[in-house]
Amino acid sequence: MYCIKEVKKLRGEITVPGDKSISHRGIMLGSLAEGDTRLHGFLEGADCLSSISCFKKMGIDIEHDGSDVTIHGKGLHELKAPSEILDAGNSGTTTRLMSGILAGQDFSSTITGDDSLRTRPMKRVITPLEEMGATIYSENGCLPMTIHGGKLHGIDYISPVASAQVKSCVLFAGLFADGKTSVTEPAVSRNHTELMLKGFGASVLTDEKNHFVQVEPEPKLIGQEITVPGDISSAAYFLVAGLICQDADILIKNVNINPTRAGILKVIEAMGGSITYLDRRTVSGEEVADIEVKSSSLHGTTVEGDIIPALIDELPVIAVMAAYASGQTVIRDAAELKVKESDRISVVTENLKAMGCDITATDDGFIINGGQPLHGTEIKTHKDHRIAMSFAVAALNASGDTEIDDAE
Ligand code: S3P
(Lines give C-alpha, C1' and ligand atoms only; values in the text may rest on other atoms or scores of the structure.)
Protein backbone atom coordinates (compact mmCIF):
# COMPACT_ATOMS: atom_id res chain seq x y z
CA MET A 1 0.00 0.00 0.00
CA TYR A 2 1.41 3.42 -0.95
CA CYS A 3 0.16 6.65 0.56
CA ILE A 4 0.27 9.87 -1.44
CA LYS A 5 -0.43 13.33 -0.04
CA GLU A 6 -1.59 16.52 -1.68
CA VAL A 7 1.25 18.78 -2.85
CA LYS A 8 1.33 22.59 -2.89
CA LYS A 9 4.18 22.93 -5.36
CA LEU A 10 5.69 20.63 -8.01
CA ARG A 11 8.91 21.61 -9.73
CA GLY A 12 11.83 19.86 -11.32
CA GLU A 13 13.26 18.04 -14.26
CA ILE A 14 12.87 14.37 -15.18
CA THR A 15 13.98 11.99 -17.90
CA VAL A 16 11.37 9.26 -18.29
CA PRO A 17 12.37 5.62 -18.95
CA GLY A 18 12.75 4.22 -22.46
CA ASP A 19 9.76 3.52 -24.69
CA LYS A 20 8.18 0.16 -23.93
CA SER A 21 6.88 -0.53 -27.45
CA ILE A 22 10.23 0.29 -29.06
CA SER A 23 12.15 -1.76 -26.47
CA HIS A 24 10.07 -4.89 -27.23
CA ARG A 25 10.46 -4.47 -30.98
CA GLY A 26 14.22 -3.94 -30.62
CA ILE A 27 14.58 -7.28 -28.82
CA MET A 28 12.49 -9.12 -31.41
CA LEU A 29 13.99 -7.64 -34.57
CA GLY A 30 17.47 -7.80 -33.05
CA SER A 31 16.91 -11.54 -32.51
CA LEU A 32 15.95 -12.02 -36.18
CA ALA A 33 18.73 -9.86 -37.59
CA GLU A 34 22.23 -10.88 -38.61
CA GLY A 35 24.90 -9.48 -36.29
CA ASP A 36 24.71 -7.48 -33.11
CA THR A 37 21.96 -5.04 -32.25
CA ARG A 38 22.64 -2.56 -29.46
CA LEU A 39 19.76 -0.91 -27.65
CA HIS A 40 20.58 2.14 -25.53
CA GLY A 41 17.86 3.40 -23.21
CA PHE A 42 16.08 0.02 -23.17
CA LEU A 43 13.15 -0.06 -20.73
CA GLU A 44 14.03 -2.44 -17.91
CA GLY A 45 10.39 -3.05 -17.02
CA ALA A 46 9.05 -6.53 -16.33
CA ASP A 47 7.23 -6.65 -19.68
CA CYS A 48 10.33 -6.01 -21.78
CA LEU A 49 12.34 -8.41 -19.61
CA SER A 50 9.73 -11.05 -20.51
CA SER A 51 10.55 -10.47 -24.18
CA ILE A 52 14.27 -10.93 -23.45
CA SER A 53 13.63 -14.12 -21.52
CA CYS A 54 11.47 -15.63 -24.30
CA PHE A 55 14.04 -14.98 -27.04
CA LYS A 56 16.84 -16.31 -24.82
CA LYS A 57 14.80 -19.52 -24.55
CA MET A 58 14.92 -19.69 -28.34
CA GLY A 59 18.72 -19.69 -28.38
CA ILE A 60 19.44 -15.96 -28.74
CA ASP A 61 22.33 -14.64 -26.70
CA ILE A 62 21.22 -11.35 -25.13
CA GLU A 63 23.45 -9.33 -22.80
CA HIS A 64 21.62 -6.97 -20.51
CA ASP A 65 23.47 -4.32 -18.54
CA GLY A 66 20.96 -1.82 -17.15
CA SER A 67 19.41 0.08 -20.01
CA ASP A 68 22.09 -1.11 -22.45
CA VAL A 69 21.21 -4.35 -24.19
CA THR A 70 23.17 -6.25 -26.82
CA ILE A 71 21.41 -8.90 -28.88
CA HIS A 72 23.60 -11.29 -30.80
CA GLY A 73 21.23 -11.97 -33.68
CA LYS A 74 21.81 -14.93 -35.95
CA GLY A 75 19.41 -14.29 -38.82
CA LEU A 76 15.78 -14.72 -39.80
CA HIS A 77 15.66 -18.53 -39.67
CA GLU A 78 17.94 -19.24 -36.72
CA LEU A 79 15.58 -19.38 -33.73
CA LYS A 80 15.66 -22.73 -31.91
CA ALA A 81 12.67 -24.62 -30.56
CA PRO A 82 12.31 -23.61 -26.89
CA SER A 83 12.63 -26.50 -24.46
CA GLU A 84 10.20 -24.81 -22.06
CA ILE A 85 6.92 -22.94 -22.24
CA LEU A 86 7.45 -19.29 -23.16
CA ASP A 87 6.24 -17.14 -20.25
CA ALA A 88 5.19 -13.64 -21.30
CA GLY A 89 4.36 -12.63 -17.70
CA ASN A 90 1.95 -9.67 -17.80
CA SER A 91 2.95 -8.58 -21.32
CA GLY A 92 0.36 -8.49 -24.09
CA THR A 93 2.95 -6.97 -26.43
CA THR A 94 5.40 -9.86 -25.93
CA THR A 95 2.62 -12.36 -26.56
CA ARG A 96 0.99 -10.86 -29.60
CA LEU A 97 4.12 -9.70 -31.42
CA MET A 98 6.06 -12.89 -30.68
CA SER A 99 3.16 -15.07 -31.84
CA GLY A 100 3.64 -13.66 -35.37
CA ILE A 101 7.29 -14.70 -35.29
CA LEU A 102 6.50 -18.13 -33.82
CA ALA A 103 3.94 -18.78 -36.56
CA GLY A 104 6.77 -18.64 -39.11
CA GLN A 105 9.04 -21.17 -37.35
CA ASP A 106 9.38 -24.83 -38.27
CA PHE A 107 8.78 -25.82 -34.65
CA SER A 108 5.93 -25.78 -32.15
CA SER A 109 5.87 -23.57 -29.09
CA THR A 110 3.53 -22.67 -26.26
CA ILE A 111 3.07 -19.20 -24.75
CA THR A 112 1.51 -18.54 -21.37
CA GLY A 113 1.33 -15.60 -18.98
CA ASP A 114 0.15 -14.43 -15.57
CA ASP A 115 -3.47 -14.49 -14.31
CA SER A 116 -4.30 -11.19 -16.00
CA LEU A 117 -2.69 -11.99 -19.36
CA ARG A 118 -4.44 -15.36 -19.44
CA THR A 119 -7.79 -13.57 -19.53
CA ARG A 120 -6.91 -11.24 -22.43
CA PRO A 121 -8.17 -11.90 -25.97
CA MET A 122 -5.79 -13.68 -28.35
CA LYS A 123 -8.33 -14.55 -31.04
CA ARG A 124 -7.39 -11.23 -32.66
CA VAL A 125 -3.96 -12.70 -33.52
CA ILE A 126 -5.05 -16.33 -33.91
CA THR A 127 -7.49 -15.45 -36.72
CA PRO A 128 -4.98 -13.82 -39.12
CA LEU A 129 -2.19 -16.29 -38.28
CA GLU A 130 -4.47 -19.23 -39.06
CA GLU A 131 -5.44 -17.50 -42.30
CA MET A 132 -1.72 -17.40 -43.11
CA GLY A 133 -1.44 -21.17 -42.54
CA ALA A 134 -0.37 -21.59 -38.90
CA THR A 135 -2.13 -24.09 -36.66
CA ILE A 136 -2.91 -22.70 -33.22
CA TYR A 137 -4.48 -24.34 -30.19
CA SER A 138 -6.03 -22.25 -27.45
CA GLU A 139 -8.92 -23.36 -25.29
CA ASN A 140 -11.03 -20.21 -25.30
CA GLY A 141 -9.11 -17.75 -27.41
CA CYS A 142 -6.84 -16.99 -24.44
CA LEU A 143 -3.42 -18.14 -23.23
CA PRO A 144 -1.94 -20.67 -22.98
CA MET A 145 -1.73 -21.04 -26.73
CA THR A 146 0.32 -23.52 -28.74
CA ILE A 147 1.53 -22.44 -32.15
CA HIS A 148 2.54 -24.97 -34.79
CA GLY A 149 4.47 -22.80 -37.19
CA GLY A 150 5.81 -23.31 -40.69
CA LYS A 151 5.84 -21.69 -44.10
CA LEU A 152 3.10 -19.07 -44.24
CA HIS A 153 1.06 -17.50 -47.05
CA GLY A 154 1.04 -13.76 -47.56
CA ILE A 155 -2.40 -12.26 -46.89
CA ASP A 156 -4.14 -8.90 -47.13
CA TYR A 157 -5.59 -8.63 -43.66
CA ILE A 158 -8.39 -6.18 -42.89
CA SER A 159 -8.12 -5.83 -39.13
CA PRO A 160 -11.36 -5.22 -37.23
CA VAL A 161 -9.41 -3.35 -34.49
CA ALA A 162 -6.90 -0.52 -34.62
CA SER A 163 -4.25 -2.44 -32.72
CA ALA A 164 -0.51 -2.11 -33.21
CA GLN A 165 -0.08 -5.48 -31.54
CA VAL A 166 -2.27 -7.18 -34.14
CA LYS A 167 -0.69 -5.23 -37.00
CA SER A 168 2.84 -6.03 -35.79
CA CYS A 169 1.98 -9.70 -35.29
CA VAL A 170 0.79 -10.02 -38.89
CA LEU A 171 3.72 -8.01 -40.31
CA PHE A 172 6.21 -10.15 -38.36
CA ALA A 173 4.52 -13.31 -39.66
CA GLY A 174 4.71 -11.74 -43.14
CA LEU A 175 8.52 -11.89 -42.93
CA PHE A 176 8.16 -15.69 -43.17
CA ALA A 177 5.46 -15.79 -45.88
CA ASP A 178 5.57 -16.84 -49.51
CA GLY A 179 4.44 -13.43 -50.76
CA LYS A 180 3.65 -9.89 -49.65
CA THR A 181 1.53 -9.40 -46.51
CA SER A 182 -0.52 -6.31 -45.78
CA VAL A 183 -2.64 -5.00 -42.93
CA THR A 184 -5.38 -2.38 -43.22
CA GLU A 185 -6.68 -0.95 -39.94
CA PRO A 186 -9.81 1.05 -39.09
CA ALA A 187 -7.51 3.84 -37.82
CA VAL A 188 -3.73 4.28 -37.72
CA SER A 189 -2.10 2.62 -34.70
CA ARG A 190 1.45 3.22 -33.47
CA ASN A 191 3.97 2.71 -36.28
CA HIS A 192 7.15 1.65 -34.47
CA THR A 193 7.17 -1.76 -36.15
CA GLU A 194 7.08 -0.23 -39.61
CA LEU A 195 9.81 2.30 -38.75
CA MET A 196 12.03 -0.31 -37.15
CA LEU A 197 11.51 -2.92 -39.88
CA LYS A 198 12.69 -0.31 -42.40
CA GLY A 199 15.67 0.54 -40.18
CA PHE A 200 16.73 -3.13 -40.08
CA GLY A 201 16.53 -3.33 -43.90
CA ALA A 202 13.07 -4.80 -44.62
CA SER A 203 10.99 -3.53 -47.49
CA VAL A 204 7.87 -1.87 -46.09
CA LEU A 205 5.24 0.13 -47.93
CA THR A 206 2.98 2.44 -45.92
CA ASP A 207 -0.07 4.41 -46.97
CA GLU A 208 -1.06 6.24 -43.79
CA LYS A 209 -4.10 7.90 -45.37
CA ASN A 210 -5.63 4.47 -45.99
CA HIS A 211 -4.26 2.96 -42.74
CA PHE A 212 -2.38 0.43 -44.87
CA VAL A 213 1.03 -1.26 -44.38
CA GLN A 214 2.64 -3.95 -46.51
CA VAL A 215 5.79 -5.97 -45.91
CA GLU A 216 7.84 -8.11 -48.31
CA PRO A 217 8.93 -11.56 -47.13
CA GLU A 218 12.39 -12.94 -46.46
CA PRO A 219 14.29 -9.69 -45.86
CA LYS A 220 17.92 -9.70 -44.86
CA LEU A 221 17.74 -7.93 -41.52
CA ILE A 222 20.99 -6.37 -40.31
CA GLY A 223 21.80 -5.63 -36.65
CA GLN A 224 21.38 -1.97 -35.67
CA GLU A 225 22.50 0.55 -33.07
CA ILE A 226 19.29 1.98 -31.59
CA THR A 227 18.74 4.72 -29.04
CA VAL A 228 15.34 4.17 -27.46
CA PRO A 229 13.67 7.52 -26.71
CA GLY A 230 11.71 8.19 -23.51
CA ASP A 231 8.20 6.74 -23.39
CA ILE A 232 5.41 9.30 -23.88
CA SER A 233 3.14 6.88 -22.01
CA SER A 234 5.37 7.39 -18.94
CA ALA A 235 5.80 11.13 -19.61
CA ALA A 236 1.98 11.37 -19.60
CA TYR A 237 1.83 11.08 -15.78
CA PHE A 238 4.26 13.96 -15.30
CA LEU A 239 2.50 16.02 -17.98
CA VAL A 240 -0.83 15.67 -16.22
CA ALA A 241 0.77 16.20 -12.77
CA GLY A 242 2.26 19.45 -14.02
CA LEU A 243 -1.05 20.62 -15.48
CA ILE A 244 -3.31 19.83 -12.51
CA CYS A 245 -1.05 20.74 -9.59
CA GLN A 246 -0.78 24.23 -8.18
CA ASP A 247 2.50 26.06 -8.69
CA ALA A 248 3.92 23.43 -11.03
CA ASP A 249 6.67 23.76 -13.62
CA ILE A 250 8.26 20.52 -14.86
CA LEU A 251 10.73 19.82 -17.64
CA ILE A 252 10.31 16.30 -19.07
CA LYS A 253 13.33 15.39 -21.16
CA ASN A 254 13.77 13.11 -24.16
CA VAL A 255 10.11 12.30 -24.89
CA ASN A 256 9.13 10.37 -28.03
CA ILE A 257 6.52 12.54 -29.77
CA ASN A 258 5.89 10.22 -32.74
CA PRO A 259 2.46 11.46 -33.99
CA THR A 260 1.02 7.92 -33.81
CA ARG A 261 1.64 8.06 -30.04
CA ALA A 262 1.24 11.71 -29.18
CA GLY A 263 -2.56 12.04 -29.05
CA ILE A 264 -2.37 13.20 -25.43
CA LEU A 265 -0.47 16.31 -26.49
CA LYS A 266 -3.33 17.29 -28.81
CA VAL A 267 -5.86 16.70 -26.02
CA ILE A 268 -3.82 18.84 -23.62
CA GLU A 269 -3.79 21.65 -26.18
CA ALA A 270 -7.56 21.28 -26.73
CA MET A 271 -8.09 21.51 -22.95
CA GLY A 272 -6.05 24.72 -22.67
CA GLY A 273 -2.93 23.17 -21.08
CA SER A 274 0.37 25.01 -21.12
CA ILE A 275 3.09 22.92 -22.75
CA THR A 276 6.20 24.05 -24.63
CA TYR A 277 8.35 21.87 -26.89
CA LEU A 278 12.09 22.39 -26.65
CA ASP A 279 14.84 20.97 -28.81
CA ARG A 280 12.76 18.90 -31.26
CA ARG A 281 14.99 16.29 -32.89
CA THR A 282 15.01 12.85 -34.55
CA VAL A 283 16.55 9.92 -32.64
CA SER A 284 16.85 6.49 -34.32
CA GLY A 285 14.06 7.43 -36.73
CA GLU A 286 11.67 8.65 -33.98
CA GLU A 287 10.65 12.26 -33.25
CA VAL A 288 11.80 13.42 -29.83
CA ALA A 289 11.47 16.63 -27.77
CA ASP A 290 11.88 17.98 -24.26
CA ILE A 291 8.55 19.22 -22.95
CA GLU A 292 7.96 21.94 -20.36
CA VAL A 293 4.63 21.81 -18.59
CA LYS A 294 3.08 24.33 -16.18
CA SER A 295 -0.01 24.54 -13.95
CA SER A 296 -2.97 25.32 -16.18
CA SER A 297 -6.60 26.09 -15.93
CA LEU A 298 -8.09 23.29 -18.02
CA HIS A 299 -11.51 22.94 -19.65
CA GLY A 300 -13.41 19.89 -20.92
CA THR A 301 -13.22 18.49 -24.45
CA THR A 302 -14.34 15.55 -26.57
CA VAL A 303 -11.87 12.74 -27.32
CA GLU A 304 -13.08 10.41 -30.05
CA GLY A 305 -12.45 8.80 -33.44
CA ASP A 306 -9.10 8.34 -35.16
CA ILE A 307 -7.09 9.91 -32.33
CA ILE A 308 -8.00 7.08 -29.91
CA PRO A 309 -5.22 4.62 -30.92
CA ALA A 310 -2.68 7.45 -30.53
CA LEU A 311 -3.56 7.83 -26.83
CA ILE A 312 -5.12 4.51 -25.86
CA ASP A 313 -2.71 3.87 -22.96
CA GLU A 314 -3.04 7.46 -21.73
CA LEU A 315 -6.84 7.44 -21.37
CA PRO A 316 -6.82 6.64 -17.62
CA VAL A 317 -4.63 9.67 -16.90
CA ILE A 318 -6.58 11.77 -19.43
CA ALA A 319 -9.69 10.89 -17.41
CA VAL A 320 -7.87 12.17 -14.30
CA MET A 321 -7.00 15.38 -16.15
CA ALA A 322 -10.67 15.73 -17.17
CA ALA A 323 -11.73 15.33 -13.53
CA TYR A 324 -9.67 18.45 -12.73
CA ALA A 325 -10.86 20.39 -15.80
CA SER A 326 -13.92 22.62 -15.70
CA GLY A 327 -16.96 21.49 -17.70
CA GLN A 328 -17.70 18.23 -19.45
CA THR A 329 -15.26 15.84 -21.12
CA VAL A 330 -16.61 13.03 -23.26
CA ILE A 331 -14.36 10.13 -24.24
CA ARG A 332 -15.80 7.70 -26.77
CA ASP A 333 -14.73 5.04 -29.34
CA ALA A 334 -12.44 3.52 -26.71
CA ALA A 335 -14.06 0.12 -26.01
CA GLU A 336 -10.54 -1.39 -26.29
CA LEU A 337 -10.00 -0.08 -22.74
CA LYS A 338 -12.07 -3.00 -21.49
CA VAL A 339 -9.44 -5.56 -22.60
CA LYS A 340 -6.26 -3.97 -21.24
CA GLU A 341 -4.47 -5.11 -18.05
CA SER A 342 -7.80 -4.39 -16.32
CA ASP A 343 -11.19 -3.23 -17.59
CA ARG A 344 -10.02 0.36 -17.56
CA ILE A 345 -13.49 1.80 -18.18
CA SER A 346 -14.90 0.31 -15.01
CA VAL A 347 -11.74 0.63 -12.90
CA VAL A 348 -11.16 4.32 -13.75
CA THR A 349 -14.84 5.06 -13.11
CA GLU A 350 -14.90 3.22 -9.78
CA ASN A 351 -11.78 5.00 -8.51
CA LEU A 352 -12.58 8.52 -9.75
CA LYS A 353 -16.09 8.20 -8.25
CA ALA A 354 -14.52 7.16 -4.94
CA MET A 355 -12.47 10.40 -5.05
CA GLY A 356 -15.66 12.44 -5.49
CA CYS A 357 -15.71 12.92 -9.27
CA ASP A 358 -18.92 13.04 -11.31
CA ILE A 359 -18.09 10.36 -13.90
CA THR A 360 -20.31 7.96 -15.82
CA ALA A 361 -18.97 4.90 -17.61
CA THR A 362 -20.33 4.29 -21.11
CA ASP A 363 -19.91 1.31 -23.43
CA ASP A 364 -16.90 2.86 -25.10
CA GLY A 365 -15.59 5.52 -22.72
CA PHE A 366 -16.63 8.03 -20.07
CA ILE A 367 -18.60 11.21 -19.46
CA ILE A 368 -16.82 13.32 -16.87
CA ASN A 369 -18.24 16.51 -15.36
CA GLY A 370 -15.02 17.93 -13.99
CA GLY A 371 -13.86 20.81 -11.88
CA GLN A 372 -15.15 19.65 -8.46
CA PRO A 373 -12.54 19.20 -5.71
CA LEU A 374 -11.44 15.57 -5.27
CA HIS A 375 -10.54 13.89 -1.99
CA GLY A 376 -8.13 11.13 -1.09
CA THR A 377 -9.45 7.61 -0.68
CA GLU A 378 -8.37 4.01 -1.12
CA ILE A 379 -7.59 3.24 -4.78
CA LYS A 380 -8.02 -0.27 -6.13
CA THR A 381 -5.52 -0.79 -8.96
CA HIS A 382 -6.66 -4.31 -9.93
CA LYS A 383 -2.88 -4.81 -10.40
CA ASP A 384 -2.91 -2.54 -13.45
CA HIS A 385 0.23 -0.38 -13.62
CA ARG A 386 -1.43 2.47 -15.52
CA ILE A 387 -4.22 2.68 -12.93
CA ALA A 388 -1.66 2.90 -10.10
CA MET A 389 0.26 5.67 -11.88
CA SER A 390 -2.86 7.62 -12.94
CA PHE A 391 -4.22 7.72 -9.41
CA ALA A 392 -0.83 8.59 -7.92
CA VAL A 393 -1.16 11.70 -10.09
CA ALA A 394 -4.82 12.28 -9.15
CA ALA A 395 -3.74 12.14 -5.47
CA LEU A 396 -1.35 15.11 -5.86
CA ASN A 397 -4.22 17.61 -6.02
CA ALA A 398 -6.77 15.75 -3.86
CA SER A 399 -7.38 16.72 -0.25
CA GLY A 400 -6.13 14.29 2.38
CA ASP A 401 -4.32 11.01 1.81
CA THR A 402 -4.73 8.64 -1.13
CA GLU A 403 -3.79 5.03 -0.53
CA ILE A 404 -2.96 2.92 -3.58
CA ASP A 405 -3.16 -0.86 -3.25
CA ASP A 406 -0.67 -3.18 -4.98
CA ALA A 407 1.27 -0.19 -6.33
CA GLU A 408 4.46 -2.22 -6.50
C1 S3P B 1 1.21 -1.67 -27.93
C2 S3P B 1 -0.02 -1.46 -28.51
C3 S3P B 1 -1.22 -1.12 -27.75
C4 S3P B 1 -0.88 -0.61 -26.35
C5 S3P B 1 0.14 -1.46 -25.67
C6 S3P B 1 1.43 -1.51 -26.47
C7 S3P B 1 2.35 -2.02 -28.78
O8 S3P B 1 -2.04 -2.27 -27.62
O9 S3P B 1 -2.06 -0.54 -25.58
O10 S3P B 1 0.44 -0.95 -24.38
O11 S3P B 1 3.51 -1.90 -28.33
O12 S3P B 1 2.12 -2.43 -29.92
P13 S3P B 1 -3.13 -2.67 -28.73
O14 S3P B 1 -2.41 -3.11 -29.93
O15 S3P B 1 -3.91 -3.79 -28.08
O16 S3P B 1 -3.95 -1.44 -28.95
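Biologist: In which pocket does the ligand sit, and what makes you say that a molecule sits in a pocket?
Modeller: In this predicted model, the ligand sits in the second largest pocket, and the word applies because more than half of the ligand's atoms must lie within 2 Å of the grid points of that pocket. Helix 1 (20–32), helix 3 (92–103) and helix 5 (164–174) are the elements that give two or more residues to the shell around the ligand.

Biologist: Which residues are around the ligand, and what makes a residue count as near it?
Modeller: A residue is counted if one of its heavy atoms lies within 4 Å of the ligand, and the residues around the ligand are Ser21, Arg25, Thr93, Arg96, Ser163, Ala164, Gln165, Arg190, Ile312, Asp313 and Lys340. By type, this shell divides into 2 nonpolar, 4 polar and 5 charged residues.

Biologist: Why is the approach of arginine 25 to the ligand called a polar contact?
Modeller: An N or O atom in the side chain of arginine 25 is 2.7 Å from an oxygen atom of the ligand, and the limit for such a pair is 3.5 Å, so the pair qualifies. Serine 163 passes the same test, because a polar atom of its side chain lies 2.6 Å from a ligand oxygen. With glutamine 165 it is a backbone N or O atom that lies 2.9 Å from an oxygen atom of the ligand. The protein covers 94% of the 380 Å² of accessible area that the ligand has on its own.

Biologist: Why is the pair of aspartate 401 and lysine 5 called a salt bridge?
Modeller: Their side chains meet at 3.2 Å, N to O, and the cut-off is 4 Å, so the pair is a salt bridge. Aspartate 401 in strand 23 (residues 401–404) and lysine 5 in strand 1 (residues 2–5) are 396 residues apart, and the pair thus links distant parts of the chain. By this rule the count comes to 25 salt bridges.

Biologist: How do you know that the peptide bond between leucine 143 and proline 144 is cis?
Modeller: Its omega is about 0°, and proline 144 is found in the loop between strand 8 (135–138) and strand 9 (145–148). Most peptide bonds are trans.

Biologist: What makes the phi of aspartate 279 worth noting?
Modeller: Phi of aspartate 279, which lies in strand 16 (residues 274–283), is near 50°, a positive value in a residue other than glycine. Most residues other than glycine have a negative phi. Aspartate 406, in the segment after strand 23, has a positive phi of about 50° although it is not a glycine.

Terms used. Residues are numbered from 1 along each chain as its sequence is written. This is a predicted model: local features need pLDDT of at least 70, side-chain atom pairs count only at pLDDT 80 or more; totals for chains, interfaces and linings use all residues. Side-chain values use heavy atoms; hydrogens and water are left out. A polar contact is a pair of N or O atoms within 3.5 Å; within protein, one must be able to donate a hydrogen and the other to accept it, and residues adjacent in sequence count only if both atoms are side-chain atoms. Accessible areas come from the Shrake-Rupley method with a 1.4 Å probe; for residues, only the protein chains shown count as cover. On a 1 Å grid over the protein atoms alone, a cavity is a set of points where a 1.4 Å probe fits but cannot get out, and a pocket is an open set with protein on both sides within 12 Å along at least five of seven lines; lining residues have an atom within 4 Å of a point. Helices (H or I, at least four residues) and strands (E, at least two) are DSSP runs, numbered from the N terminus. Ala, Val, Leu, Ile, Met, Phe, Trp, Tyr, Cys and Pro count as nonpolar, Asp, Glu, Lys and Arg as charged, and the others, Gly among them, as polar.
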